[in-house]
Amino acid sequence: MSSLQHVNPTVRGIRVSPQSVLQSLAVRISQEVTQGVPKPFKQVIDVSSGDPHKSGLKPMSFLRQVLAVCVYPELLNNEGLSLDVRLRAQRLLEACDGGSVGSYGQSSGVPHVKQSIVEFISRRDAGVSSNTEHIFISPGSQVALRIIVILLARGEEETQSAVLTPMPCPHTLPMLVEEAGVKLVPYHLIEEQGWAVDLDELHRALKAARGRYEPRAMYISNPGNPTGHVQDRKSIEEVIQFAAAERLLLLVDEVYQDSVYGPDKEFISYKKVLSEMNSEYSETVELISFHSLSSTCMGECGLRAGYMEMVNMDPEVKHTVYNMRSAHAPVTGQLALELMINPPTPGEPSYDKYTQEILLIQATLSQNARRAWQFLNDLPWMSCQPAMGGIYLYPRLHLPSELIEQAKMLGMEADVLYCQKLLEEEGVCLGAGSENGQDDQRYHVRLCVLAPPATVEEVLARLRTFHLRLLDRFP
Ligand SMILES: Cc1ncc(COP(=O)(O)O)c(C=O)c1O
C-alpha cells in the first residue's frame, strides 16, 4: 500500500495540500536515513519549492555583515569590518525607534526603509516616481497578498468575490485564495507558446465567471512561477487594457524581478508600463506590485520581509491595510530589505565583493536552468518549455494511461503518485503540478533550479534513473 494512502488529506476539516503531504513524507524518509534504514540514497533532496539557503546557496556577505552589526551594535567599533558596513549599520540603527532593532517601529514599516524603497523603484523604473504613502512593508509578500485578498472577500455585493488566477500558478496561491473565502477563477497560460498570457483566454475566463461570481481582481506572476515566462511590454499593456475595460484590480507578483536570464528578455515592471500609457489608464487602473526579501539573489526567506506598492488605490483601502498590526514585519527583516534594494555602490569598499556574489548567483541560476531544460527534454515522456526567468522549471509528464488509472484507483492525481514514487525510490522531492493547477490529463512537476550545480546534477541523475525505470514498468 502506498505511503500517502495513510495520510488523511484533511485534518480536522482543514484541507492538507499534496505538497505538505509530500514534504512530510520527505521528512520521514530523511529520519529513516538518519536512523540507518537501508535506502538506495544517502540523503533526501527537496527541490519542490524555492528556499535557496536551504538548498545550500550562501547569503550575501554585505547584507549579513550589516545586519550583524545592527543586532549587536558593539561591532560598530570592530575595525575588522569595512567602513561602509559600519556606517550603513549606524545609519540603519538611527532609523530604528530607540536606535535598536528590538523596538516595534511603525506598523506600515520603518520610514527610512520606505524611503529607500521608493528611491529603488524610481531607479529601477528610470525616473517613474513613487511615494512612501503607497508602500506597505509586511512580513513577506505572501502576507501582503493575503491581506488584499481578504479585503476583496469583504465586497458589498452578495455574490462571492473572485480573482482571475493563471493556471499554472504559484503552488501556495490556491489555498491562500480559498482560505480568504474568494473564488479562484482560472485563466490558462498557453504552454506551447512558452506559457504566454492570452487575451482571448482572459475574456473566456471572465465570461465564464461573471454572473456566478464577482471577479474583482486578476493575479499575475511575472517572471512566472512556476512557468519561468517573462512578459514583454506588449503583453503587459494588453493585460492593463483588459483590467481597465473590466475594472479589475491587478495583483502583480514581481518577486523574481532580479532573475531574468532568457536571451533578449528583460524585466519591465507593470508600474513602469502603466505610467507610460495614456492617462485613461495611468490614472485609473488599480495596481498592486509585490516584492520580497525572499527574491532570487537574496533568498532571505527566513528573515520575513517584503513590500507592496499600491498604485491608484482607494485611500480607504490603504488606511485599512496600514492599520493591520498583524502584518507587522520584523525590524531585522525590514533592515535586510533596505540592504537588498540599496546595495553598495561603485567606490565603496564592499562593492566588488557584493557584485561578484550577485553575478555568481545569477550565473548559477541561468546555467542550471539551461542544463536542466536540455536534460529534461532528452528524457522520453517528458517535455519542458525553456525558462526565461524565475527559479523553476515546469516540465510536462506524458504519463502512460496505466499509471493514470493506478493513481485514480488510489484516489490520487497521477503527478502526485509520480512524485511520491520518485521520493520513495530515489529520495528526490519535486513539486506535483496539480498543486499549481493544471488542465485535466496534463501532468507536470515543479523543480526549483536555484541550488548549487552539484545538487541539480544529482537531482537530474536520480530523476532519470527513476523515470526510465518507470518507463520499463509500463512499456
Ligand atoms: C510567486 C511567489 N511570490 C512570493 C514569494 C515569496 O513569498 P514571501 O515574500 O512571503 O517569502 C514566493 C516565494 O516562494 C513566490 O514563489
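Proline 226 sits in the loop between β7 and α9, and in this predicted model the peptide bond that joins asparagine 225 to proline 226 is cis, with omega about 5°. Proline 223 is found in the loop between β7 (214–221) and α9 (233–246) as well. Here too the bond is cis: omega from asparagine 222 to proline 223 is near -10°. For background, most peptide bonds are trans, and most residues other than glycine have a negative phi.

Two residues go against that second habit. Arginine 247, not a glycine, has a positive phi of about 55°; its place is the loop between α9 and β8 (249–253). Arginine 247 counts as exposed because just 11 other C-beta atoms lie within 10 Å, and the cut-off for exposed is 12 or fewer. Asparagine 312 has a phi near 60°, again positive in a residue other than glycine, and belongs to the loop between β10 (306–311) and α12 (315–322). With 16 other C-beta atoms within 10 Å, asparagine 312 comes out as partly exposed.

As for confidence, the mean pLDDT of the protein is 93, and 96% of its residues reach 70 or more. Residues 1–8 are another matter: pLDDT stays under 50 there, and the model has eleven contacts for them beyond four places in sequence. Where pLDDT is low, the predicted coordinates should not be read in detail.

On the larger scale, the domain assignment splits the protein into domain 1 (3–57 + 357–473) and domain 2 (93–341). Their C-alpha centres are 28 Å apart, and 31 residues of domain 1 are in contact with 29 residues of domain 2. On the domain 1 side, α2 (52–55), α14 (351–377), β12 (392–393) and β16 (443–448) each give two or more residues. Helix α14 provides the largest share, six residues. By class, this side has 13 nonpolar, 14 polar and four charged residues.

What about the inside? The largest nonpolar core has 133 residues, and Val163, Leu250 and Val449 touch the most other members. Both domains give residues to this core, so it lies between them. Among the residues that valine 163 touches are Val149, Leu152, Val177 and Tyr219. Helix α3 (residues 61–71) has buried residues too, including Phe62, Leu63 and Val66, and its buried residues pack against α4 (83–95), α13 (331–341) and α14.

Finally, the ligand is surrounded by 13 residues, with Gly140, Ser141, Gln142, Ser292 and Ser294 the closest. That shell has nine polar, three nonpolar and one charged residues.

Technical notes
Residues are numbered from 1 along each chain as its sequence is written. This is a predicted model: local features need pLDDT of at least 70, side-chain atom pairs count only at pLDDT 80 or more; totals for chains, interfaces and linings use all residues. pLDDT is the predictor's confidence in each residue, from 0 to 100. Two residues are in contact if their C-beta atoms, placed from the backbone, lie within 7 Å. A nonpolar core is a set of buried Ala, Val, Leu, Ile, Met, Phe, Trp, Tyr and Cys residues joined through C-beta atoms within 7 Å. A residue is buried if 20 or more other C-beta atoms lie within 10 Å of its own, exposed if 12 or fewer, and partly exposed in between; C-beta atoms are placed from the backbone. Domain bounds come from an automatic or database domain assignment. A residue is near a molecule or strand if its C-beta atom, placed from the backbone, lies within 6 Å of it. Ala, Val, Leu, Ile, Met, Phe, Trp, Tyr, Cys and Pro count as nonpolar, Asp, Glu, Lys and Arg as charged, and the others, Gly among them, as polar. Helices (H or I, at least four residues) and strands (E, at least two) are DSSP runs, numbered from the N terminus.
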